[in-house]
Structure formats: structure tokens, C-alpha cells
Amino acid sequence: MSNYYITTPIYYVNSDPHIGTAYTTVLADTMARYHRFLGKSTYFVTGTDEHGDKIVRSAAAKGIAPQAFVDEISSRFRVLWPTLHAAPDRFIRTTEAEHVQLVQTILQRVYDRGDIYFGEYGGHYCTGCERFLTEKEMMDGKCPDHGTVPEYIKEQNYFFRMSRYQQWLLDHIAEHPDFIRPERYRNEVLGFLREPLEDLCISRPKSRLEWGIEIPFDKNFVTYVWFDALLNYLTAIGYDHDPNWPAYWNQAEHLIGKDILKPHAIYWPIMLKAAGIDPYQHLTVHGYWNFKDAKISKSSGKPVDVAPLVRYFGADAIRYFLIRDMVVGLDARFTPDALVQRINSDLANDLGNLFSRIAKLVADYFDGKMPKGPSSPCDLALQAEQLVAALPAFINEFRLHTLIEETLQLVRATNRYFESSAPWALAKTDIQRCGEVLYNCAEALRIAAVILHPVMPAKMSELLSRLGEPIEQFHIANSVAWGRLRSGTALQSGTPLFPRIDEKQLPEAFPELFGSTPGPTKAPSTPVTTDLIDIQDFSKIQLRVARIVQAEKLAGSDKLLKLQIEIGSEKRQIIAGIAQHYQPEEIVGRLIIVVANLKPAKLRGEMSEGMLLAAKSDGKLVLLSVESDIATGATIS
Ligand code: MSP
């Protein structure tokens with residue numbers, strides 16, 4: 001049996017969990033469940049990062065000792081995850097004795113090999129990132145992620161000779177194209193590696209920071225948080241003492257947000273190399289969840305608390321929304337509207353309602369027992385088979401949003417089949433055919449429920465039990481074959497699987513989320529209809545889907561961004577007046593809509609070959625995009 005080892009970042013305990021940290025945990029949990037489903041022996045690890053300046057400051061602000069502080073916040077993470085149906089195999093803490101010992105062993109080994117030396121360094125330290133920023137990384141003298149001015153620190157410290165391994169890392173990335181994915185992050189890392197790598201300061205004098213792991217070869221120093229934190233990935237699988245550790249390490253997949261790309265893509269593989277350990281297999285990077293145009297985070301003051309959302313909407317509905325609405329690698333917006341729309345439309349209407357309709361007719365005409373299926377399968381069987389065949393690729397390539405969408409397409413096709421076959425009418429004219437139609441619908445729904453089980457484990461287990469096929473230990477091959485649903489078993493109708501959300505009640509339940517009206521605050525001031533045009537006039541405009549591959553501010557303008565876009569195989573440059581609404585780095589990778597047949601024009605000396613579409617209201621501007629992934633160059637009609 002092959003293995004799969006998946007990790008999340010270990011979260012800082014200077015703040016409570018929020019929807020951003022919940023996303024990574026839910027995604028890792030879902031991936032772990034899918035890999036189990038593919039028949040692999042899977043190990044999923046998450047935990048907390050408990051040393052460093054930030055923690056000491058947060059503990060001091062609360063007037064308690066660091067250990068008491070980390071114990072409390074760490075346990076908030078640990079107890080939250082099961083409420084979201086996330087089931088890690090190990091919850092690791094960097095203050096555990098096993099971890100402290102491993103960090104000291106590796107430090108000593110790297111020191112003995114001559115890759116750690118003592119020296120002096122001055123630099124700009126960002127406590128939010130817990131690392132020195134280079135001049136190039138700072139924007140207007142501030143950290144671009146935290147918006148704070150880093151502290152200038154000059155002192156004697158221990159340094160890790162990263163520069164020695166720069167060429168090795170470049171070669172490794174070149175030889176392993178999916179080492180860092182998606183590709184845009186691989187390119188970002190190759191960009192960092194174009195500049196000479198500076199050696200990494202890996203210690204803090206105890207006179208300035210006590211809350212860390214002591215350096216084994218100098219008692220006056222503690223180790224730097226990243227050197228400590230990254231090694232959790234080895235502690236968690238029992239590096240060097242559990243006989244199974246190599247089998248898991250060979251298949252290690254680290255899942256992270258884009259904020260911590262550099263430590264994971266550069267420091268970590270080099271640390272492993274210097275310690276004589278093979279690098280991990282994959283680093284998969286996802287974007288940010290934004291709320292009201294800002295990254296959801298504690299420090300930016302825009303946290304979205306998970307626990308109340310879980311209590312109100314249910315863990316599985318939140319999981320479904322998070323996995324369906326983010327394309328791994330790109331940013332996504334957390335909007336209350338989108339959440340309610342997903343629950344009411346996909347879950348209550350398409351999925352839950354289909355079960356209720358089947359169960360009602362089975363109760364009315366077949367004494368509540370599943371009728372017999374037809375002797376030959378229907379078209380739904382073919383659609384289900386194609387979906388099942390594509391599952392391993394969707395899973396291995398982290399395309400879970402597509403996997404969900406394709407599964408919902410099967411559910412929607414089943415609803416259409418139900419409508420067009422009219423089993424309620426057949427019940428009066430051809431009871432055998434009525435039973436066959438109901439069987440086909442129930443079987444398509446069962447397969448959809450098995451496929452969605454890793455995303456919504458509790459709800460899909462309930463649905464499968466109600467269909468008379470409770471879930472056992474299964475994997476794809478033997479559970480999604482058409483025709484496995486048994487006839488004669490009892491269906492349990494019961495209450496709706498996903499109750500509809502009453503939007504009117506939400507502003508009161510979540511004033512901070514739903515309080516200010518989602519969507520436009522008032523009707524747009526421009527009248528909706530002006531002069532009417534013929535369809536021929538509209539058809540002159542060629543609208544195409546494009547991807548932004550590069551974005552930068554246009555020198556000398558605070559309104560314009562210079563974008564390099566890809567439309568099918570064509571590359572173009574466009575100048576867009578969106579700089580006051582979007583940061584260049586947040587839109588790279590996004591799919592947009594462009595007018596492709598506009599005459600090129602020069603703006604501020606730069607050619608613009610097309611125009612992107614955006615919606616505007618009351619000073620707010622949002623880019624137009626497509627609802628799900630589609631090839632660039634796709635036409636719009
Ligand atoms: N302690 C370090 C990681 C050490 S790993 C060896 C750290 N902790 S953190 O608490 O700041 O967590 C950062 C991670 O939380 C991100 O990489 C991402 O996984 C998740 N997210 C935090 N905010 C997020 C969003 N707004 N959107 C998506 N993910 C978010 O960095």
C-alpha cells in the first residue's frame with residue numbers, strides 16, 4: 001500500500017484561529033480523506049508554533065507566563081478542528097520535549113558539518129513574519145504583508161550557510177517540476193533565487209529572547225523560530241526512531257498559504273539538504289481568503305471567527321463552501337452572499353431536495369423500500385463513470401473545486417432526469433418503470449455522496465445511511481461502481497438534509513458579516529438603460545477570457561497597473577485603471593474578461609492592447625471573471 005503524508009503550517013498561538021487558518025486545515029483534512037479513499041495509508045499533521053518574540057509579547061499583554069499562554073491558545077486550535085470535522089493523526093506543539101530534542105540534534109549535526117558559523121549582521125526584522133526582510137521585499141520601508149515598519153537589529157549571532165546550497169536548490173527545482181506548485185509560486189521562488197542568497201541568521205541572544213530552544217553548542221543563544229518550526233514536519237512522523245518515518249517522508253506534501261512561501265521553498269529544503277535528509281515531495285501553495293478587500297487575519301483587524309459560523313451553518317456546509325469557492329493557488333473572497341448561495345442552491349436545492357423527492361415517492365409507492373433497478377444502465381451511469389475516472393487526477397492536482405463542480409453537475413443532471421421522467425406520473429401508469437427511474441436517481445445520488453464524503457464527512461455519511469448504504473471502509477474502486485445500490489433496503493426520509501438559510505435572519509445573527517448589506521450599498525447612480533442597440537452592434541465586440549500572468553504598478557501613475565495577460569496562446573500587455581482597488585500581487589493568476597478587438601492605444605508611453613472589464617458602483621470596483629476554471633481564450637457570448 002502506498003503512503004501519503006500531508007501537513008498544514010503549524011499556526012502561531014498569538015491569536016485565535018479564524019476562517020483563513022481553518023481553510024488550510026480543512027483542505028489538508030479533505031486531501032487526507034481523498035488519499036485514504038484512493039487506498040493509501042495516510043498521515044495528516046497540524047499543530048501550533050509556540051516560540052518567538054510574538055508569543056512573549058502576546059503573553060505579556062495578557063499578564064501571564066508564556067507557557068500558560070501557549071497552553072491555552074494551542075488548546076483552542078486543538079478543540080476547534082474536530083468541530084470542523086478535521087481529524088489530524090497528530091497535533092504537534094513546538095514546546096513538546098520530543099521536538100526540542102530533535103531541533104537540537106539537527107542543529108548540532110549541521111554545526112558539525114560546518115554549515116553554521118558565528119558572525120554579525122544588521123537588518124530589518126519583521127516580527128509578524130519572524131524574519132529579516134531584504135530591501136527589495138519592503139514596500140515604502142514597510143513589510144508588505146503586515147504593513148508595519150520592521151525593527152532594525154544589529155547583533156552577533158549564528159548563521160546558516162544557505163548560500164552554499166543555492167545552486168543545488170536551483171537544480172532540484174529544475175529536475176522536479178512539481179516540487180513547488182502551482183507554477184506561479186515555483187516561478188516566484190526561481191525569481192528569489194536569481195539574486196544571491198544571503199546566509200540565514202538562526203539565533204537570538206538569550207539576553208533579548210529567552211522563549212526558544214537553546215542552541216546545543218552555545219547556552220547563551222536560542223534558535224530562531226523558523227529553524228525550530230519547520231522541523232516539526234520531521235518530529236511529527238517520528239524522524240529517526242519510528243520505523244515508518246521514511247515511508248511517509250518519501251511522500252510528504254506541505255500545504256501552505258502564500259505568505260510563508262520563502263521559508264518553505266528556500267530555507268526548508270536547504271536545511272534538509274544540510275542535515276543529509278532528502279527534500280519533501282511537494283509544496284502546494286494556496287492564496288488568501290479576503291473579506292471586504294483585505295486579507296482575513298488577526299493582525300489586519302479582519303478576522304472572521306469560525307466557531308459561530310460552524311454553529312449556525314454547520315461544519316460540513318462551511319467545509320463545502322471553503323473547498324468549492326477557492327481555486328488552489330488563487331485568492332478568493334469570503335462573501336456572506338456566496339456562502340448563503342452555495343448552501344441554498346447547491347446543498348439545499350440540488351442535493352438535499354433530490355433525496356427528499358426520491359424518498360417521498362419510495363415511501364408513497366414502494367413501502368419505503370428501494371425498488372429494483374433496470375436491467376440496462378441509463379445515461380447517468382455513463383456520466384458517473386466518467387466522473388469517477390477523472391477523480392485521481394482531480395485529487396492529485398488539487399483541483400477539488402472542479403471535482404465538486406463536476407459532481408454537482410451529475411446531481412443536477414439527475415434532477416433533470418427526475419423531472420423529465422416524471423416518476424410521480426409513472427406511478428399511476430407503469431409502476432415498474434417508476435421504480436427503475438427512482439433506482440437510477442438514488443444510485444446517481446449515492447455515487448455523488450460517496451465522492452463528496454471527504455468534503456462533507458458527517459452529512460454524506462448521513463445521506464448514505466438514509467439511502468440504506470451506510471459507509472464502511474471503502475475506496476473508490478469498489479464503492480462507486482454503478483449498480484451497487486441494493487434493492488429492498490429501507491430508505492429513511494426524515495428532515496431536510498440541508499435546511500435552507502433564511503437570509504433575513506442573518507444580519508441579526510452576524511452583524512459584523514451581514515450587517516452592512518452585501519453587494520452594492522445603494523442602487524448605482526447611472527441609469528440602467530440608455531440607448532438600445534441591435535444584437536449586431538454587440539456582436540462586433542469580441543470578449544475573451546484571459547489570465548493575468550504578471551502585474552506591476554505603472555511608474556509615475558497611482559491609478560494604472562501594467563498587466564501582461566495570456567489569451568489562449570497569445571500574450572498581450574494591457575494598461576488598466578485599477579491600481580487603487582487591487583495590489584499587483586493579488587491579481588496575478590486571475591482569470592479576467594477582456595475586450596480583445598479594441599484598437600491598441602498608448603497610455604503614459606506604454607502600449608495597451610485591449611481592455612479589461614470591471615464593475616463599478618459608488619467608488620468601488622471589482623474585476624469581472626468567470627464562475628469556474630476555463631481555458632484562456634474562451635469566447636464570451
Ligand atoms: N507559524 C508559522 C508557520 C510555521 S510552519 C512551519 C505561521 N503561522 S500563522 O499562524 O501565521 O499561519 C499562516 C498560515 O495560516 C498561512 O500560511 C495559511 O495556511 C493560513 N492562513 C492565514 N490567513 C489566511 C487567509 N486569509 N487565507 C488563507 N490562508 C490563511 O505562519
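These are my notebook entries on a predicted model of a protein with a bound ligand.

**Entry 1: overall form**

I began with the chain as a whole. I counted 23 helices and 27 strands in the protein. Along the principal axes, I found that the C-alpha atoms fill a box of roughly 90 × 65 × 50 Å. I then looked up the radius of gyration, which is 27 Å. A compact globule of 637 residues would have a value near 26 Å, so the protein agrees with that expectation. For burial, I noted that 53% of the 637 residues are buried.

**Entry 2: the ligand shell**

Next I turned to the ligand. Which residues are closest to the ligand? I listed Ile-10, Thr-24, Asp-49, Asp-259 and Ile-296 as the closest, out of 24 residues that surround it. I sorted the shell by class and got 12 nonpolar, nine polar and three charged residues. I also checked which elements supply at least two shell residues each: strand S2 (11-12), helix H1 (19-37), helix H7 (225-230) and helix H8 (232-235) are among those that do.

**Entry 3: polar contacts of the ligand**

I looked up the N and O distances next. Asp-49, one of the closest residues, has a side-chain N or O atom 2.7 Å from a nitrogen atom of the ligand. Asp-259, also listed among the closest, places an N or O atom of its side chain 2.8 Å from an oxygen atom of the ligand. With Tyr-12, I found that a backbone N or O atom is the partner, 3.0 Å from a ligand oxygen atom. I then checked how much of the ligand is covered: on its own the ligand has 670 Å² of accessible area, and the protein covers 94% of that.

**Entry 4: cysteines**

How many disulfides does the structure hold? I found zero. I followed up on Cys-434 to see why it has no partner. The closest cysteine sulfur to that of Cys-434 belongs to Cys-441 and is 9.9 Å away, so the pair is too far apart for a bond. I also noted that Cys-434 is buried, at a relative accessible area of 0%. Cys-441 is in no disulfide either, and I found its nearest cysteine sulfur in Cys-378, 7.8 Å away. The cut-off I applied is 2.5 Å between sulfur atoms, so a separation of 7.8 Å does not qualify. Cys-441 counts as buried too, with 0% relative accessibility.

How values were computed: Residues numbered from 1 in each chain as written. Predicted model: local features only at pLDDT ≥ 70, side-chain atom pairs only at ≥ 80, totals over all residues. Heavy atoms only, no water. Near = heavy atom within 4 Å. Polar contact = N/O pair within 3.5 Å; in protein donor to acceptor, adjacent residues only side chain to side chain. Areas by Shrake-Rupley, 256 points an atom, 1.4 Å probe, with all protein chains shown as cover. Helix = DSSP H or I, 4+ residues; strand = E, 2+ residues; numbered from the N terminus. Nonpolar A, V, L, I, M, F, W, Y, C, P; charged D, E, K, R; others polar. Buried < 20%, exposed > 50% of the residue type's maximum accessible area, 1.4 Å probe, protein only. Rg over C-alpha atoms; globule rule 2.2 N^0.38 Å.
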